[in-house]
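Student: I would like to go through this structure by question and answer. Please keep the steps short.

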Protein chains: 2
Amino acid sequence: MARVYNFNAGPAALPQVVLEQVRDELLDWHGSGMSVMEMSHRGKEFMAIAAQAEQDLRELLAIPENYKVLFLQGGATTQFAMVPLNLMGEGRRADYIHTGAWSKKAISEAKKFGAVNIAASGEESGFAAIPPQSAWRLDSEAAYVHYTPNETIGGVEFHWIPETGGVPLVGDFSSTLLSRPVDVSRFGLIYAGAQKNVGPAGVTLVIVREDLVGHALPGTPTILDYAPQVENDSMYNTPATFSWYVAGLVFAHLKAQGGLAAMAEINQRKAKLLYRTIDESGFYRNPVAIADRSWMNVPFILPDAALDATFLSEAKAAGLLGLKGHRSVGGMRASIYNAVSYEAVETLVAFMKDFQQRHG
Amino acid sequence: MARVYNFNAGPAALPQVVLEQVRDELLDWHGSGMSVMEMSHRGKEFMAIAAQAEQDLRELLAIPENYKVLFLQGGATTQFAMVPLNLMGEGRRADYIHTGAWSKKAISEAKKFGAVNIAASGEESGFAAIPPQSAWRLDSEAAYVHYTPNETIGGVEFHWIPETGGVPLVGDFSSTLLSRPVDVSRFGLIYAGAQKNVGPAGVTLVIVREDLVGHALPGTPTILDYAPQVENDSMYNTPATFSWYVAGLVFAHLKAQGGLAAMAEINQRKAKLLYRTIDESGFYRNPVAIADRSWMNVPFILPDAALDATFLSEAKAAGLLGLKGHRSVGGMRASIYNAVSYEAVETLVAFMKDFQQRHG
């Protein structure tokens, strides 16, 4: 079978040229006589791979020097615990913004470690809109403000960065990091599971302002403390070397494509094309407030849920995969991360129009 | 360059046929039109890969039905915290056997969560021997007994399973799992980072008797609780899918090679050849008590540390890599895991003899 158009929400599509490079050097990386999977993480070959990946990521995101970059394991779900354990401090108070399924999980975990103030919630709108900053009730004594810039399931995205005064801002960028430029200096900490725009599942990026490291709560398991990982360049224990390497190839690829400004331009075009098709169809429907629609995850529902199975099977026959909506929402969802091309979205849109004609 | 002989301690050599299969299906797994890295962990393709891997592992180790198998992230170092957090219970007491660098780390982490009784220690012998069970002072009130069946750095290995009465036995099998059969029914819990005999770094195996799950201490971060992972078949959050897949290919390969009895036979032959060469040389020296020598990690020292650099550079020129001893021990170390062939050890031994002739 030829390569399909892959709209999976995560793990998700990777750039084909990256996969080809992985394949070509799988048994022998750059004449080393071994696979990257077989290299000691402390050997000079892997140290070079690791350092290059960090350097390229720093360049892509223009990460200031007073921020550390970590390549950890455990996904965003592990960060749901690490953030409060490391940042809450003695006061044990934090603000959380509730915008959907993923912020809800972050909130639930943080409550294990301290007092969580829900400073704003999108619940009234059924999480179809981001609560405007004017309505937020931030706690000036909070150790940090946590939010979810992109809700992978609900398909709402912040197209602005919250203003938190002097309180460190923490963002779960799992499904939007590298899709556009972001001003890292506005943040205390950014984290992202890799399996959307970054690389294969198994590596988690953490970008943390260095003054926030070293204050873990008493009793924090060492593996959940940022400090030893910072001290050991993410090698306090053996890292997920192969995933780190593939992420590095993705970074190099993004640089060659023109960096994050170029990605933002194409990602916005992809999203516009898909939302316009939905809105103009009178058939498909996206429930999210126009200003808060995600560039990355586009949920849409058909007029009759009885059509869902037909849509999915016909889409699959047309080489369009991963379109089933999250089980908590139903309907369809197209995740259109960096590695999903404009052509893939055009093909999807053409299919959607054709499907509507035949079933509308 | 041709493939080298890879004696890395971990991440370490993988079977070449496994790497070839990974390469061949990297862009299109079984006609799915996508890489395993790009598959949803909840899609039927990956669910099949995951289930097959578990089934093959269960078969290889003859895992009884009342044991759960988990594919987690975070390495053995994460288990250093998870074991006490999940198993210590209200009594918060556990026995640990101290046999070297890795058991020391496990002990240090466990002390964060309760009272640790060092029931036996190899310190008197400089960790060159396993303390005999007759000298152990086990605490009958301990929640579990933890030991390290193989010390990767020191090169000592238990060739027997401790007797703990009714107290659950916990083993860090990171560097020996799958190298020989093991009677899982003797254990409460077995864990192993993958990057020795199992697969690429980034996946960690946990085999746990089901009655030991569900008793995590209050305040345990959810991601460090076995229960939600058991309930969700290791998919409480997105697992390290690609590493899981490669581990599955290794399991299938081991089955095709005759399973763990066959591996034990060849591993013992490899170890015997290498130790005999060392002992008979009058030049190289291995400090470990003969009865406790590891089949997996063979440290050896040269008569003069000034020769170390020459040994390593000449070995490298001969295609023998990864022989530098751990920085805490010095000298050399040959890790001869499953994927290191008998021929590789023969080649090493021939090189060692030749080196001795020229420098002895």
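## Two chains and an annotated site

Student: Which residue of chain B forms a salt bridge with R3(A)?

Tutor: This is a predicted model. A salt bridge needs a side-chain nitrogen of Lys or Arg within 4 Å of a carboxyl oxygen of Asp or Glu. For R3(A), the closest N and O atoms of the pair are 2.6 Å apart. The partner is E38(B).

Student: How many salt bridges are there between chain B and chain A?

Tutor: The pair of R3(A) and E38(B) is a salt bridge. Polar contacts are a separate count, with 24 residue pairs across the interface of chain B and chain A. For salt bridges between the chains, the count is two.

Student: About how much area do chain B and chain A bury between them?

Tutor: The contact takes 62 residues from chain A and 62 residues from chain B. In chain B, the residues that lose the most area to chain A are L27(B), M37(B) and E38(B), together 15% of what that side buries. Carbon and sulfur atoms carry 57% of the buried area, and the area itself is about 4800 Å².

Student: Which residues of the UniProt "binding site" annotation does the lining of the largest cavity include?

Tutor: The annotation comes from an unreviewed UniProt entry, and A76(A), W102(A) and D172(A) are among the residues it covers. The annotated residues are spread over 163 residues of sequence and, in space, up to 30.2 Å between C-alpha atoms. A76(A) lies in helix α3 of chain A. Of the annotated residues, the lining of the largest cavity includes N237(A) and T238(A).

Key: Residues are numbered from 1 along each chain as its sequence is written. Chains are lettered from A and ligands numbered from 1 in the order in which they are written. This is a predicted model: local features need pLDDT of at least 70, side-chain atom pairs count only at pLDDT 80 or more; totals for chains, interfaces and linings use all residues. Side-chain values use heavy atoms; hydrogens and water are left out. Contact means heavy atoms within 4.5 Å. Buried area is the accessible area (1.4 Å probe) that two parts lose on being put together, summed over both. A polar contact is a pair of N or O atoms within 3.5 Å; within protein, one must be able to donate a hydrogen and the other to accept it, and residues adjacent in sequence count only if both atoms are side-chain atoms. UniProt positions are given in the numbering used here, feature names are shortened, and annotations may be inferred rather than shown by experiment. On a 1 Å grid over the protein atoms alone, a cavity is a set of points where a 1.4 Å probe fits but cannot get out, and a pocket is an open set with protein on both sides within 12 Å along at least five of seven lines; lining residues have an atom within 4 Å of a point. Helices (H or I, at least four residues) and strands (E, at least two) are DSSP runs, numbered from the N terminus.
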